[in-house]
Amino acid sequence: MAIGSGLGAQMGISAESSYGVYVAPARFIEFTKESLALKKTTAQSAGIANGRLLPLSSRRVVTRREGSGSIDLEIANKGMGLLLQAWMGTTVTPVQQGTTTAYLQTHTLASVAGKSLTIQKGVPLTTGTVTRKSFLGCKITSGELSCGVGEMLTGTFEFDAKDCDESQILAAASYSNMSPFHFGQMALKVGAFGSETALDGIRKVSVKIERPQDVERFYANQSALKKEPIENDQVKITGTLETDYTATTLDDLHTTDGTTSLVWEFVGPIIESTYAETLRVTLPAVKLDEGPPVVDGFGVVKPTFNFTGLFDGTNQPKTEYLSTDTAV
């Protein structure tokens, strides 16, 4: 029996081999909140019958089923590979670094076709019994990472799902000994791609990557369920840089509409040899949209620059993850 509150909840995920086909959770993530829920569309008969004052319950039908919601979590030094893969699109095999226990995952931006997850959540009743809800065909439609002064690196991932299945067995949760990335490990670099240098005055960074998809693929012969969503727009990359006005580097880029490569990274303790726990986001071409400095009082000037990530014609955005995980 679990604790009859959110303290007894759990969340397990697995990559699916076929869209919407249940796969028992292979990895359990520690989350801070979630909003995954079944959505159903119903239709009610409106037939007129002499003297009938209410619609008949037997004539209400479910015409479509789907799921949606989000998961918020702290980005840790282990166990993040499945989410990163479903978000970025590349099929990744961790690469061992030398003969050490460090393994590098390079998640380069690619199509998310065929990238779906089974997400099983356990929701406790007040009695301590944990109900199970397995969301099938979960596709990430948006993901955002954020970290500021005194904060941990956090992520919010939005999902579209094919269905919710409550018949599966609740998996037994197990957790790795994980540590979150945090502001004390954070660095931001800008400049020419491959030659970026550290930028002073950065107080908070957020990066959002949206994966637009047609999530309305409901057809006959599908038992009220959708087929796998298909990408129907270009990827959208946006973000913010909250700063102190220590130099004109970003201001000048805004004024000239110049292009810069942006590297946002978190480097933690050494795993082995020279290899450290790392989470690194590289955006090879960034344009600043707004955020010129203004003086609004006696304090330090603190401009916030909003940016858009674009394609430089050669290099794709990527997220690198160096951990002890031997599998995604």
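F181, W264 and F266 come together as one aromatic cluster in this predicted model. In total, the structure contains four aromatic pairs. A pair of aromatic rings is described by two quantities, the distance of the centres and the angle of the planes.

One of the pairs joins F28 and Y175, whose ring centres lie 6.3 Å apart with 65 degrees between the planes, an edge-to-face arrangement. This contact bridges distant parts of the chain, since the two residues are 147 residues apart. F28 belongs to strand β2 (residues 27-28), whereas Y175 sits in the loop between β11 (163-165) and β12 (186-191). The two partners also have their own degrees of accessibility. F28 has a relative accessibility of 8% and therefore counts as buried, while Y175, with a relative accessible area of 40%, is partly exposed.

Another pair is formed by W87 and F157. Their ring centres are 5.6 Å apart and their planes stand at 85 degrees, so this pair is edge-to-face. Here too distant parts of the chain are linked: W87 lies in helix α1 (residues 81-88) and F157 in strand β10 (residues 154-161), 70 residues apart. W87 has a relative accessibility of 1% and so counts as buried; F157, at 2%, is likewise buried.

The helix that carries W87 deserves a closer look. Eight of the eight residues of α1 are buried, which means that the helix is largely enclosed by the rest of the structure. These buried residues are G81, L82, L83, L84, Q85, A86, W87 and M88. Just after α1, G89 adopts a positive phi of about 110 degrees.

From this helix the description passes to the nonpolar interior. In soluble globular proteins, nonpolar side chains tend to be buried together. The largest nonpolar core in this model comprises 55 residues, and those with the most contacts inside it are F159, W264 and L279. W264 thus appears in this list and also in the aromatic cluster with F181 and F266. The element that gives the most to this core is α1, with six residues.

There is also enclosed empty space to consider. Rolling a probe the size of a water molecule over the atoms shows where such space is left. The count comes to one cavity of 30 Å³ or more, and the largest cavity holds about 90 Å³ of space. Its lining consists of 13 residues, of which T243, D244, T246, A247 and L250 are the closest to its centre. Helix α2 (residues 249-256) gives the most to this lining, with three residues. By class, the lining includes seven nonpolar, three polar and three charged residues.

These local features belong to a chain of 328 residues, 44% of which are buried. The chain contains two helices and 21 strands. Along its principal axes, the C-alpha trace spans about 80 × 50 × 40 Å. Links across long stretches of sequence are reflected in the contacts of the chain: among those between residues at least 6 apart in sequence, 71% join residues at least 24 apart. The pair of F28 and Y175 and the pair of W87 and F157 illustrate links of this kind.

Methods. Residues numbered from 1 in each chain as written. Heavy atoms only, no water. 1 Å grid on protein atoms, 1.4 Å probe; cavity = no way out; pocket = protein on both sides within 12 Å on 5 of 7 lines; lining within 4 Å. Points joined across faces, edges and corners; volume = space filled by probe spheres on them. Helix = DSSP H or I, 4+ residues; strand = E, 2+ residues; numbered from the N terminus. Nonpolar A, V, L, I, M, F, W, Y, C, P; charged D, E, K, R; others polar. Phe/Tyr/Trp six-rings, centres within 6.5 Å; stacked < 30°, edge-to-face > 60°. Buried < 20%, exposed > 50% of the residue type's maximum accessible area, 1.4 Å probe, protein only. Core = buried A, V, L, I, M, F, W, Y, C linked by side-chain atoms within 4.5 Å. Contact = heavy atoms within 4.5 Å.
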